[in-house]
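Let's walk through this one from the overall fold down to a few individual residues. Have the viewer open alongside.

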Amino acid sequence: MAPRVAPGAIGITLVAAAIMAAALAWPLPWLTVHDGGDLRYAFPGGEGARFTLRWMHSVEKEDWEEWFEVGKSGAIMLTGTRFKTFGAGVPAAAGTATRLDNGWVVMTGIDRAVDPLAVQAAAAERYRMRYHLGPFEPTFALSRAEPPPVLTFSVKRAPLWRVLPALVRPWRLAYSFERDTGANSQ
């Protein structure tokens with residue numbers, strides 16, 4: 001004799017299945033990184049989502065960082081930068097505050113929309129992205145050998161099922177920012 005299933009259990013199972021289907025299909029904001037036409041990475045991208053790009057300046061041969069945040073409008077905003085030396089193409093001042101901090105020139109309060117953000121991640125410049133997720137801040141390599149990828153960062157609304165591979169991919173590739181660069185995070 002087969003076990004009897006209570007009618008309430010069937011209803012609960014159906015409701016749970018409907019909630020899961022809606023969660024997979026409901027469009028959410030994602031910070032996306034496209035490599036050409038391919039979706040390379042996806043991260044939660046709602047208002048306040050933050051990430052850092054770090055690379056070696058091609059002329060100065062020093063690391064450079066830029067800090068970004070998703071603003072209220074859903075646009076990517078450049079909020080600050082830090083670098084070791086002034087050189088070609090470096091502004092004398094940007095934002096509302098410039099200070100020297102442990103040998104770094106730090107400029108904050110820039111708050112400029114850069115959406116979409118395009119970056120040519122040449123291997124020689126060792127581009128990395130640090131995604132800020134509370135106390136957990138994994139770093140992902142962006143550069144690769146020739147031809148260098150042109151990466152486009154933007155915020156897109158999409159259901160979970162459409163971004164799932166790009167959402168899982170970076171977590172398999174994360175590495176320690178400090179181990180790679182010998183630097184402390186901002």
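Which residue in E7 does Asp 101 stand opposite? The partner of Asp 101 is Trp 104 in E7.

## Ground rules

This is a predicted model, with local features needing pLDDT of at least 70 and side-chain atom pairs counting only at pLDDT 80 or more, while totals for chains, interfaces and linings use all residues. Residues are numbered from 1 along each chain as its sequence is written, and side-chain values use heavy atoms, with hydrogens and water left out.

## The chain as a whole

The protein chain has 3 helices and 11 strands; helices (H or I, at least four residues) and strands (E, at least two) are DSSP runs, numbered from the N terminus. Going along the sequence, the pattern reads α-β-β-β-β-β-β-β-β-β-β-β-α-α.

Of the 186 residues in the protein chain, 39% are buried. Buried here means under 20% relative accessible area, exposed means over 50%, and partly exposed is in between (1.4 Å probe, protein chains only). As for contacts (heavy atoms within 4.5 Å), take those in the protein chain with a separation of 6 or more: 60% of them link residues 24 or more positions apart. The accessible surface of the chain is about 10,400 Å², and carbon and sulfur atoms hold 61% of that. Areas like this come from the Shrake-Rupley method with a 1.4 Å probe; for residues, only the protein chains shown count as cover.

## The seven-strand sheet

Now for the sheet. It is an open one of 7 strands, in the order E6-E7-E5-E4-E3-E9-E10, with antiparallel pairing. Its edge strands are E6 (97-101) and E10 (139-141), each of which pairs on one side only. From one strand to the next, the twist averages 20 degrees; axes are lines fitted to C-alpha atoms, for helices over the stretch in contact, and angles run from 0 to 180 degrees between N-to-C directions. Two strands count as paired if DSSP finds at least two bridges between them. In general, strands of a sheet pair through backbone hydrogen bonds, either parallel or antiparallel.

## Strand E5 and its neighbours

Strand E5 (residues 76-83) is mostly covered, with 7 of its 8 residues buried. On one pairing, E5 and strand E4 (residues 63-70) run antiparallel over 7 bridges, and Glu 69 stands opposite Met 77 in E5. E4 and E5 make a hairpin with 5 residues between the strands, where Gly 74 takes a positive phi near 90 degrees.

E5 also pairs with E7, again in the antiparallel sense, over 6 bridges. Met 77 has Ala 113 as its bridge partner in E7, and Leu 78 stands opposite Arg 112 in E7.

## The E6-E7 hairpin

Out at the edge, E6 and strand E7 (residues 104-113) run antiparallel and are joined by 5 bridges. Ala 97 stands opposite Thr 108 in E7, while Asp 101 stands opposite Trp 104.

Only 2 residues lie between E6 and E7 in this hairpin, and the turn residue Asn 102 has a positive phi of about 55 degrees, although Asn 102 is not a glycine. Is Asn 102 buried or exposed? Asn 102 counts as exposed because its relative accessibility is 74%.

## Two more loops

After E7 comes a backbone detail to check: Asp 115 and Pro 116 are joined by a cis peptide bond, with omega about 0 degrees. Pro 116 sits in the loop between E7 and strand E8 (117-120).

Arg 126 belongs to the loop between E8 and strand E9 (128-132). Arg 126 isn't a glycine either, yet has a positive phi of about 50 degrees. With 31% relative accessibility, Arg 126 counts as partly exposed.

## A nonpolar patch

Finally, look at the surface around Leu 133, Phe 136 and Trp 171: these form a nonpolar patch with about 280 Å² of accessible area together. Patches are made of residues with over 30% relative accessible area and no salt bridge, joining like charges within 9 Å and nonpolar side chains (Val, Leu, Ile, Met, Phe, Trp, Tyr) within 5 Å. A salt bridge, in turn, is a side-chain nitrogen of Lys or Arg within 4 Å of a carboxyl oxygen of Asp or Glu.

Trp 171 comes from helix H2 (residues 160-173). Its relative accessibility is 31%, so Trp 171 counts as partly exposed.
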